[in-house]
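Work through the exercises below with the sequence and the structure in view. Each task is followed by a solution in steps.

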Amino acid sequence: KWEGLHWQANLIIGRRCYSYYMMHKDAGICSQKGDPKWRSVYDVFHDLACSGELQNAPSQVSFAGRLDVATTGLILCSDDKRFVGRVTGGRAGVPVCSKQYLLTVQGILT
């Protein structure tokens, strides 16, 4: 299994420096915090930060979107809550990013 970081950026917006990450989520990893049955994307991020693989990792991040436990794919995270809100559709009045999905299925869709 491979789980890890694809990309990291730090941007200064106003007087604040925000961090942005693109991560690959493997099957068997939960997108939500606190599920006792599964390891979460928060656990993966914490492990990467503790291992030194992430440079100046923030202590708290939010993840944009949800993937089922069995689903693999890209998941975004940041300590910039406004960015995460725009990507996920957030509150009314906040512009939503356009999204495009590619999926591969086994069998026939019904």
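A residue counts as exposed when its relative accessible area is over 50%, and as buried when that area is under 20%. The model used here is predicted.

**Exercise 1.** List the secondary structure elements of the chain in order from the N terminus.

Solution. Start with the totals: the chain has two helices and six strands. Then place them along the chain, where the order is β-β-β-β-α-β-β-α.

**Exercise 2.** Determine which residues of α1 are buried and which on the other side are exposed.

Solution. Step one: the buried residues in α1 are Val41, Tyr42, Val44, Phe45 and Leu48. Step two: these residues lie on the same side of α1, because their arc around the axis is only 160°. Step three: Cys50 and Ser51, on the other side of α1, are exposed.

**Exercise 3.** Describe what is found at the start of α1 and what follows this helix.

Solution. At the start, a side-chain oxygen of Ser40 comes within 3.2 Å of the backbone nitrogen of Tyr42. After α1 comes Gly52, with a positive phi near 90°.

**Exercise 4.** Find the residues with the most contacts inside the largest nonpolar core, and the elements that supply the core.

Solution. The core has 13 residues, and Met23, Val41, Phe45, Phe63 and Cys77 have the most contacts inside it. At least two residues come from each of β2 (16–25), α1 (41–51) and β6 (73–78). The most come from α1, which gives five. Now take Phe63: beyond its neighbours within four places in sequence, Phe63 is in contact with residues including Met23, Val41, Phe45 and Cys77.

Definitions and conventions. Residues numbered from 1 in each chain as written. Predicted model: local features only at pLDDT ≥ 70, side-chain atom pairs only at ≥ 80, totals over all residues. Heavy atoms only, no water. Core = buried A, V, L, I, M, F, W, Y, C linked by side-chain atoms within 4.5 Å. Buried < 20%, exposed > 50% of the residue type's maximum accessible area, 1.4 Å probe, protein only. Helix = DSSP H or I, 4+ residues; strand = E, 2+ residues; numbered from the N terminus. Contact = heavy atoms within 4.5 Å. Arc of directions from axis to C-beta. Polar contact = N/O pair within 3.5 Å; in protein donor to acceptor, adjacent residues only side chain to side chain.
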